[in-house]
Amino acid sequence: MRGLATIRCFALSAAVLPGMGVGLAAQQQPVVLDGVVAVVNNHAILSSDIDRDMRLSVLEPSEAAGEKPDRRSALDRLVSRQLIEEQMTPEEKKQAQTTEQALKDRLTALRRDLPACARLHCSTESGWAAFLEANSLNEEQVEAYLRARLSLLSFIENRFREGTRISQDEIENYYRDTLVPQYAAGQKPPPLDSIQERISEILLQQQVNQLFSAWLDNLRKQGDVEILDPALVAADQPAQSGGDR
């Protein structure tokens with residue numbers, strides 16, 4: 001049996017490249033490039049991955065108006081995505097590939113309907129550029145995120161849609177109670193019929209996440225997920241995320 005006695009912290013580092021006028025001591029001083037904050041089945045999750053996920057979270061409607069992204073939630077999302085992706089067979093990955101048209105359509109809908117985008121008029125090129133700059137993002141990052149997300153949703157649809165149903169009442173409740181309040185006074189939210197497919201996807205993902213929770217907990221207990229940064233260990237979890245084997 002194996003248990004983690006302590007939380008281990010790792011850092012990726014590189015020696016400073018020697019240059020003209022740089023002393024030997026400076027050349028030998030390591031420069032920390034990134035830190036490994038978690039390991040999922042031998043796959044490292046870096047501090048920069050969490051930072052990027054937090055920036056990209058602005059592309060999704062918050063669970064509550066004004067909700068701020070946090071590093072623990074970002075780590076949970078990254079762990080879940082990694083575990084899910086590991087379950088995808090080559091055939092399922094092929095089936096879930098995102099077409100360029102689907103990506104284009106999603107980006108257009110995002111720029112039109114996202115509350116944060118509405119405030120900056122992202123439907124215009126200048127407004128979209130301002131939105132990206134305000135959130136330290138670029139178009140390549142946004143497209144990569146949307147492509148991966150659409151692929152993941154397609155996989156969920158193909159494998160788990162059967163038996164999972166989103167009712168019209170659930171869509172309408174989400175629209176009324178979660179989405180509409182995110183728009184500032186004087187801003188008109190998109191009509192329900194133009195965004196209900198997107199809301200259905202969000203609710204579907206929430207249901208699938210619930211189905212996955214027990215499975216993810218079991219993987220953590222088996223030691224497949226190790227949280228290496230003490231600051232990211234949830235308050236209700238022990239200091240080590242590994243378990244006996």
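# A walk through the helices and cores

Guide: Of the chain's 245 residues, 37% count as buried. Keep in mind that this is a predicted model.

Visitor: What order do the elements of the chain run in from the N terminus?

Guide: The order is β-α-β-β-α-α-α-α-α-α-α-α-α-β. That makes 10 helices and 4 strands.

Visitor: How much of the contact count comes from residues 24 or more positions apart?

Guide: Taking contacts with a separation of 6 or more, such pairs account for 65%. As for the outside, the accessible surface of the chain is about 14,100 Å², and carbon and sulfur atoms hold 53% of that.

Visitor: Let's look at α7. What makes Trp128 count as buried?

Guide: Its relative accessible area is 2%, and buried means under 20%, so Trp128 qualifies. Phe131 passes by the same rule, because its relative accessibility is 1%.

Visitor: Which residues of α7 are buried, and how do you know that they are on the same side?

Guide: In α7, residues 125-134, the buried ones are Gly127, Trp128, Phe131 and Leu132. They cover an arc of only 135° around the axis, so they sit on the same side of α7. On the other side, Glu125, Ser126, Glu133 and Ala134 are exposed. Just after the helix comes Ser136, with a positive phi of about 55°.

Visitor: Why is the pair of Trp128 and Phe131 called stacked?

Guide: A search of the whole structure turns up 1 aromatic pair. The ring centres of Trp128 and Phe131 lie 5.5 Å apart, with the planes at 10°. Centres within 6.5 Å make a pair and planes under 30 degrees apart count as stacked, so both tests are met.

Visitor: How are those two placed along α7?

Guide: Trp128 and Phe131 are 3 residues apart in the helix, which means about one helical turn separates them.

Visitor: On to α9. What makes its buried residues line one face?

Guide: The residues in question are Ile171, Tyr174, Tyr175, Thr178 and Leu179. Seen down the axis of α9, they fall within an arc of 115°, so one face of the helix is lined by them.

Visitor: Which residues have the most contacts inside the largest nonpolar core?

Guide: Phe155, Ile156, Tyr174, Leu179, Ile199 and Leu203 do, in a core of 18 residues. Two or more residues each come from α8 (139-160), α9 (168-179) and α10 (192-221). The most come from α10, which gives 6 residues. There's also a second, separate core of 16 residues, and Leu107, Trp128, Leu137 and Val142 are among them.

Visitor: Where is Arg149, and why is Arg149 called buried?

Guide: You'll find Arg149 in helix α8. Its relative accessible area is 10%, and the limit for buried is under 20%, so Arg149 makes the cut. Leaving out residues up to four places away in sequence, Arg149 touches Glu60, Arg198, Glu201 and Gln205.

Visitor: What about the cysteines: why are Cys117 and Cys122 called buried?

Guide: Cys117 has a relative accessible area of 0%, and Cys122 has 1%. Both values are under 20%, so both residues count as buried.

Visitor: And how many disulfides are there?

Guide: The count comes to 0 disulfides. The rule asks for a pair of cysteine sulfur atoms within 2.5 Å, so with a count of 0 no pair meets that cut-off.

Technical notes. Residues numbered from 1 in each chain as written. Predicted model: local features only at pLDDT ≥ 70, side-chain atom pairs only at ≥ 80, totals over all residues. Heavy atoms only, no water. Core = buried A, V, L, I, M, F, W, Y, C linked by side-chain atoms within 4.5 Å. Buried < 20%, exposed > 50% of the residue type's maximum accessible area, 1.4 Å probe, protein only. Contact = heavy atoms within 4.5 Å. Areas by Shrake-Rupley, 256 points an atom, 1.4 Å probe, with all protein chains shown as cover. Arc of directions from axis to C-beta. Phe/Tyr/Trp six-rings, centres within 6.5 Å; stacked < 30°, edge-to-face > 60°.
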